[in-house]
Amino acid sequence: MMRWSPAPPPRPGCQHRRLRRLLARELPHGLSLGISTLRPWASANFVGARHLFDCAYAVGEAAALRSALQDRLSRTQWALPGHIVADVAVEAGEPGLLRIEMLTVED
């Protein structure tokens, strides 16, 4: 009989912590990282993860911050050994909060 665990064990090649540190370096002054989560992701051809980061800001217009941050993060070269950042999306959430979603795939 096969038993399934309710939560998969962390993958040895997971780059979530490294990605969080790199993202913190790329954030402009006035933005700070909050909680982050990792969700395993797979398609027919790729295996990876969706990384979700909450980012708080104190002042500024959400639309302008979101647009500027989207442009900046899309142009960034991410140094993740064995992984590629395939997509970056920045969305406005609750007032004072942006959500950054990054999709990584194993190289």
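Visitor: How exposed is arginine 50?
Guide: In this predicted model, arginine 50 is partly exposed, with a relative accessibility of 25%.

Visitor: Which residue does arginine 50 form a salt bridge with?
Guide: The partner is glutamate 101, and the closest N and O atoms of the pair are 2.7 Å apart. Arginine 50 belongs to strand β2 (residues 47-57) and glutamate 101 to strand β4 (residues 97-106), so the contact links distant parts of the chain, 51 residues apart.

Visitor: And glutamate 101, what is its relative accessibility?
Guide: Glutamate 101 has a value of 22% and counts as partly exposed.

Visitor: How many salt bridges are there in the whole structure?
Guide: A search of the whole structure gives three. One of them joins aspartate 54 to arginine 99, with the closest N and O atoms 3.2 Å apart. Aspartate 54 is in strand β2 and arginine 99 in strand β4, 45 residues apart.

Visitor: Is aspartate 54 buried or exposed, and why?
Guide: Aspartate 54 has a relative accessibility of 12%, so it counts as buried, the cut-off being under 20%. Arginine 99, at 34%, is partly exposed.

Visitor: Turning to the helices, what does glutamate 26 pair with?
Guide: Glutamate 26 forms a salt bridge with arginine 72, their closest N and O atoms lying 3.8 Å apart. Because glutamate 26 sits in helix α1 (residues 16-26) and arginine 72 in helix α2 (residues 62-75), the pair ties together parts that are 46 residues apart in sequence.

Visitor: How accessible is glutamate 26? What about arginine 72?
Guide: Glutamate 26 is partly exposed at 24% relative accessible area. Arginine 72 also counts as partly exposed, at 34% relative accessibility.

Conventions
Residues numbered from 1 in each chain as written. Predicted model: local features only at pLDDT ≥ 70, side-chain atom pairs only at ≥ 80, totals over all residues. Heavy atoms only, no water. Salt bridge = Lys/Arg side-chain N within 4 Å of Asp/Glu carboxyl O. Helix = DSSP H or I, 4+ residues; strand = E, 2+ residues; numbered from the N terminus. Buried < 20%, exposed > 50% of the residue type's maximum accessible area, 1.4 Å probe, protein only.
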